[in-house]
Amino acid sequence: MSVTYDDSVGVEVSSDSFWEVGNYKRTVKRIDDGHRLCTDLMNCLHERARIEKAYAQQLTEWARRWRQLVEKGPQYGTVEKAWIAVMSEAERVSELHLEVRAALMNKDFEKIKNWQKEAFHKQMMGSFKETKEAEDGFRKAQKPWAKKLKEVEAAKKAYHAACKEEKLAISRETNSKGDPSLNPEQLKKLQDKVEKCKQDVLKTKEKYEKSLKELDQGTPQYMENMEQVFEQCQQFEEKRLRFFREVLLEVQKHLDLSNVSSYKTIYQDLEQSIRAADAVEDLRWFRVNHGPGMSMNWPQFEEWSADLNRTLSRREKKKNADGVTLTGINQTGDQALQNKPSSVSSYEKTQSYPTDWSDDESNNPFSSTDPSGDSNPFDEDATLGTEVRVRALYDYEGQEHDELSFKAGDELTKIEDEDEQGWCKGRLDNGTVGLYPANYVEAIQ
């Protein structure tokens, strides 16, 4: 069918028109598409929820790792606190993203799943009840009109065939008039044929026009019935579209952390922590704790005592580091300043100091007692533990004689595991044995 039945239009339409027989199937298919779109939206939110969870886990791991590095590193004072506040921000933001993940899955995902279950009802044959109802409605509305259309097409075909036969008969009669070999009886037959074809043309034309008129008369009812079924499909689709809009707005609220009061508080706290960093205060603290402001056990005359000549080994010093008592201290200048307990240096956490000092080499545990000069205070423990190859993550310059120095990327061998103060014993490739910070290296896989 190539002509519209709307008298106000009267122009050709494409065979893709909704009114063509069977073209209602696109409207029916939209119902099945609605079910699939619900599934697609759930998959979309599920994937976003996995991303939120993975991001939260990465933030937490990043914060944990860098908090440990900063706390054990050389940074100190208020700037250290400001730096650690960045890791606190990550931990708090991680919690918010886990909440986003929970909202997407427990609220939005479940809401779509329940709506899909209520809106679409699966049948035994596999199709949906709503799809079958729409299919049956369109088929019923189109069936009478489709039957008449079939009659019109048959009448048109018969009429066109009669016209073709008439034209052929006339052509034969015309050609016979100039043919002397034909007798009068043959000419009479050709004339009768032309007359019969003309009558057939009139009959088929009349039948064609009649069937077309009946089709035109049934078209308004056909359009009304089709419109009614179509509107039912439109109402069903409108519910889905409105539901999707509602769900997407809720998804937007769950994703938009800028409207979460606790989210704003996180960055207000972070800014406050960073602005609280005071370079002058940190420098003063370092002067008192590690500079000229430190107390000093200035040399004084002491009577000989066997206990004073006893030199503690590094292992004993580590065990007693928390209980060292200094005697004979003379405080001068900035030495009288009190240390603030709230500012603890990560350097101080890993640093221990000897209680006795002497120029006497016999009292120095790191001096060589071997004539060849090859002895090392760590040789006695070199065989303890399992040796592991490690790689330096950062540059480190040894602060004492028994500490190793290396550059980032250098490889060395760990010969003792990390102690309670965060130090490991290792050996450089040149054979030097000493201590190094455990968090400055990583194991080589």
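**Two helices in contact, and a sheet of five strands**

In this predicted model, helix H2 brings Val100, Ala103, Leu104, Lys107, Asp108, Lys111, Ile112, Trp115 and Ala119 into contact with Phe236, Lys239, Arg240, Phe243, Glu246, Val247, Glu250, Val251, His254 and Leu255 of helix H4. Sorted by character, the residues of this contact comprise 11 nonpolar, one polar and seven charged. Two packed helices are described by the angle between their axes and by the distance between those axes. Here H2 (residues 77-119) and H4 (residues 184-255) pack at an angle of about 170°, and their axes lie 10 Å apart. Because angles over 145 degrees count as roughly antiparallel, H2 is roughly antiparallel to H4.

The two helices belong to a chain with eight helices and five strands. Along the sequence, the pattern reads α-α-α-α-α-α-α-α-β-β-β-β-β.

What order do the five strands take in the open sheet? The order is E4-E3-E2-E1-E5, and the pairing is antiparallel. Strands E4 (433-437) and E5 (441-443) form the edges, each pairing on one side only. From one strand to the next, the twist averages 45°. Strands of a sheet pair through backbone hydrogen bonds. Between E2 (residues 411-416) and E3 (residues 423-427), which run antiparallel, there are three bridges; Thr413 has Arg427 in E3 as its bridge partner.

Turning to the whole chain, 31% of its 445 residues are buried. Its accessible surface comes to about 29200 Å², with 52% belonging to carbon and sulfur atoms. Of the contacts between residues at least 6 apart in sequence, 73% join residues at least 24 apart.

Conventions:
Residues numbered from 1 in each chain as written. Predicted model: local features only at pLDDT ≥ 70, side-chain atom pairs only at ≥ 80, totals over all residues. Heavy atoms only, no water. Pairing = 2+ DSSP bridges. Helix = DSSP H or I, 4+ residues; strand = E, 2+ residues; numbered from the N terminus. Axes fitted to C-alpha atoms, helices over the stretch in contact; angles between N-to-C directions. Parallel < 35°, antiparallel > 145°, perpendicular 65-115°, else oblique. Contact = heavy atoms within 4.5 Å. Nonpolar A, V, L, I, M, F, W, Y, C, P; charged D, E, K, R; others polar. Buried < 20%, exposed > 50% of the residue type's maximum accessible area, 1.4 Å probe, protein only. Areas by Shrake-Rupley, 256 points an atom, 1.4 Å probe, with all protein chains shown as cover.
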